[in-house]
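User: Please take a close look at how a pair of helices pack against each other here, and then at any unusual backbone geometry. I would like one connected account, with cut-offs where you use a term.

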Amino acid sequence: MAALAPPVAAIRLAVRRALTGLPGDGPVLVACSGGADSLALAAATAFVAPRLGRRAGLVTVDHGLQPGSAGRAADVARWGVEAGLDPVEAVPVTVAGRPGGPEAAARDARYQALVDVARRHRAAALLLGHTRDDQAETVLLALARGAGPRGLAGMPRRRELAGVPLLRPLLDVTREQTRAACVALGLTAWEDPHNADPSYARARVRADVLPVLVKALGEGVLDNLARTARLVAADTAALDELAGAALAGARSGEDGLVVAALADLPEAVRTRVLHAWARELGALPAALSHRHVAALDALVTDWRGQGATALPGGLRVARRDGTLRRVD
């Protein structure tokens with residue numbers, strides 16, 4: 001009996017760790033583009049899930065952005081059926097007309113389709129094929145944007161979207177390992193041309209920035225960037241918990257915050273409180289920036305009688321009688 005290739009074993013182990021103890025009896029669904037990362041994840045899940053008493057399925061999304069995309073999605077779905085995955089669905093989406101740039105619009109369409117399928121099948125979780133390399137790229141892009149800790153925390157191993165748990169089992173697995181696993185299993189992975197398109201920031205980071213960093217600082221730089229995300233994520237979770245308690249303690253009525261309850265909070269906690277409260281009021285999350293939160297914070301810490309602060313979505317917040325309130 002031939003020995004199991006180490007990359008295949010590593011990916012199966014990562015999937016087993018992600019699925020062990022997963023609540024509910026619904027299937028797990030793998031989001032699979034046909035690329036090496038998601039293909040290796042799907043193959044590992046097809047092997048591991050039944051051995052844990054869990055059904056496993058596959059969803060592939062056709063963005064309709066490239067010639068032959070429908071046929072490629074059909075090929076991925078056909079492979080999923082042959083691999084024993086069930087249910088298997090190929091879902092077409094419309095990207096045009098969605099807000100944001102092409103990357104953001106495609107991502108929004110993809111996640112909406114994936115979540116819709118997962119909810120329809122009452123899936124216990126949706127598995128995504130992001131690797132350690134993807135995490136390193138995410139951290140670098142966050143640094144370039146001047147993002148705060150939430151951005152530097154990178155992609156979480158687990159989060160919920162519209163009630164569906166999203167799991168990323170491969171964040172400690174390298175892109176090299178997923179490609180080697182596909183070769184070992186005789187799987188032909190699709191190379192998305194967008195991944196090499198220099199018009200996309202992530203493609204430029206992948207092709208130009210990371211190789212320079214590795215050459216200058218050594219192979220360990222990728223692990224270190226991913227480790228940074230894990231450490232920052234743990235700190236961010238703790239600060240978010242403190243902010244949640246502080247927000248509850250600062251409430252005044254249905255939509256107000258008591259300034260005195262905010263003023264003595266550490267800045268990292270206070271700004272989180274204000275960010276969360278602004279979202280509660282209806283500020284658009286994608287448009288709510290550091291600048292907006294800083295303006296709210298000035299109503300607390302640098303009060304000079306200034307007027308109302310404008311927030312995304314046409315909202316205005318003012319300080320009245322020691323309280324921050326939404327005003328018309």
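Analyst: Arg 132, Asp 133, Gln 135, Ala 136, Val 139 and Leu 140 of α5 are in contact (heavy atoms within 4.5 Å) with Leu 222, Asp 223, Leu 225, Ala 226 and Ala 229 of α9. This is a predicted model, in which local features need pLDDT of at least 70 and side-chain atom pairs count only at 80 or more, while totals for chains, interfaces and linings use all residues. Residues are numbered from 1 along each chain, and side-chain values use heavy atoms, without hydrogens or water.

Of the residues in this contact, seven are nonpolar, one is polar and three are charged, where Asp, Glu, Lys and Arg count as charged. The two helices, DSSP runs of at least four residues, span 132-145 for α5 and 220-250 for α9, and their axes come within 8 Å and cross at roughly 70°. α5 is therefore roughly perpendicular to α9 (65 to 115 degrees).

Turning to the backbone, the peptide bond from Asp 86 to Pro 87 is cis, with omega near 5°, and Pro 87 sits in the loop between α3 (69-82) and β3 (88-92). Ala 162, in the loop between β5 (158-161) and β6 (164-167), has a positive phi of about 55° although it is not a glycine; Ala 162 is partly exposed (20% to 50% relative accessible area), at 47%. Asp 321, in the loop between β10 (315-320) and β11 (323-326), likewise has a positive phi, near 50°, and is exposed (over 50%), at 82%. Most residues other than glycine have a negative phi, and most peptide bonds are trans.

Conventions:
Axes fitted to C-alpha atoms, helices over the stretch in contact; angles between N-to-C directions. Parallel < 35°, antiparallel > 145°, perpendicular 65-115°, else oblique. Buried < 20%, exposed > 50% of the residue type's maximum accessible area, 1.4 Å probe, protein only.
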